[in-house]
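The following note is offered to a colleague who is meeting this structure for the first time. Its numbered points may be read alongside the sequence and the model.

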Amino acid sequence: MRTPPAHRDAWEPAPGGNEIEDGTGLSDDGYRRLAPRRPRHAVCAALLVVSVTALRTALRRIVLAALVCVVALIVLFIGMGLAGVIGLSSDPHGYGMFAAILFAAALTPIALVLWLLYRFLRRDGQ
């Protein structure tokens, strides 16, 4: 009579007619190797990691889109301010120039915070 390998819980006698990877369904000693089972909590943890990664990617893309919008506004306001300084705007009192400079100055820290948040999200993902 055949004796099973030392690790009995990882092996079981191969029933007749089952074929696995090598085509015979049996190992050298006539026993079939069982695939190790993943614990249920490990599967749930893997799904949680996937969902957190997807959430982090979506958040990173939203932050990048907001950063692009803020930088575009800053460039627009700087352009309006320069047009007022050069005299290309039709604003006789220069309030548009001052407003553009004020808005660009107010949006610059917001752009910096968004950039740092984007870099933080990107660094943790890699």
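1. Two aromatic pairs are present in this structure, which is a predicted model. One of them joins Phe-77 and Phe-103, whose rings lie 5.4 Å apart from centre to centre with 50° between the planes, a tilted arrangement. Phe-77 belongs to helix α1 and Phe-103 to helix α2, so this pair links parts of the chain that are 26 residues apart in sequence.

2. The two partners of that pair are covered to different degrees. Phe-77 has a relative accessibility of 16% and therefore counts as buried, the limit being under 20%. Phe-103, with a relative accessible area of 43%, is partly exposed.

3. The pair formed by Trp-115 and Tyr-118 is also described as tilted, because the ring centres are 6.0 Å apart and the planes meet at 35°, and the tilted class covers angles that are neither under 30 degrees nor over 60. Both residues lie in helix α2, three residues apart, so about one helical turn separates them. Trp-115 is partly exposed, at a relative accessible area of 40%, whereas Tyr-118 is buried, at 12% relative accessibility.

4. Which residues make up the largest nonpolar core? It has 12 residues: Val-63, Leu-67, Val-70, Ile-74, Phe-77, Ala-100, Ala-104, Leu-107, Ala-111, Leu-114, Tyr-118 and Leu-121. Two elements, α1 and α2 (95-125), each give two or more residues to this core. Helix α2 contributes the most, with seven residues. Phe-77 and Tyr-118, both named above in the aromatic pairs, are among the core members. As a general matter, nonpolar side chains tend to be buried together in soluble globular proteins.

5. Leu-114, one of the core residues, illustrates the contacts made there. Leaving aside residues up to four places away in sequence, Leu-114 touches Val-63, Ala-66, Leu-67 and Val-70. Of these partners, Val-63, Leu-67 and Val-70 are listed in the core as well.

6. Leu-117 is also placed in helix α2. With a relative accessible area of 35%, Leu-117 is partly exposed. The C-alpha atoms of Leu-117 and Leu-67 are 9.9 Å apart in space, although 50 residues separate the two in sequence.

7. Where on the surface do nonpolar residues gather? A patch is formed by Ile-78, Leu-82, Val-85, Ile-86 and Leu-88. Together these residues have about 550 Å² of accessible area. Ile-86 is part of helix α1, which spans residues 40-86. Its relative accessible area is 61%, so Ile-86 is exposed, the cut-off for that class being over 50%.

8. For the chain as a whole, the secondary structure consists of two helices and two strands. Along the sequence they follow the pattern β-β-α-α. Among contacts with a separation of 6 or more, 54% join residues that are 24 or more positions apart.

9. How much of the chain is buried? Of the 126 residues in the protein chain, 17% are buried. The chain exposes about 9900 Å², and carbon and sulfur atoms supply 68% of that area.

Conventions
Residues numbered from 1 in each chain as written. Predicted model: local features only at pLDDT ≥ 70, side-chain atom pairs only at ≥ 80, totals over all residues. Heavy atoms only, no water. Patch = residues over 30% accessible without salt bridge, like charges linked within 9 Å, V, L, I, M, F, W, Y side chains within 5 Å. Areas by Shrake-Rupley, 256 points an atom, 1.4 Å probe, with all protein chains shown as cover. Salt bridge = Lys/Arg side-chain N within 4 Å of Asp/Glu carboxyl O. Helix = DSSP H or I, 4+ residues; strand = E, 2+ residues; numbered from the N terminus. Buried < 20%, exposed > 50% of the residue type's maximum accessible area, 1.4 Å probe, protein only. Core = buried A, V, L, I, M, F, W, Y, C linked by side-chain atoms within 4.5 Å. Contact = heavy atoms within 4.5 Å. Phe/Tyr/Trp six-rings, centres within 6.5 Å; stacked < 30°, edge-to-face > 60°.
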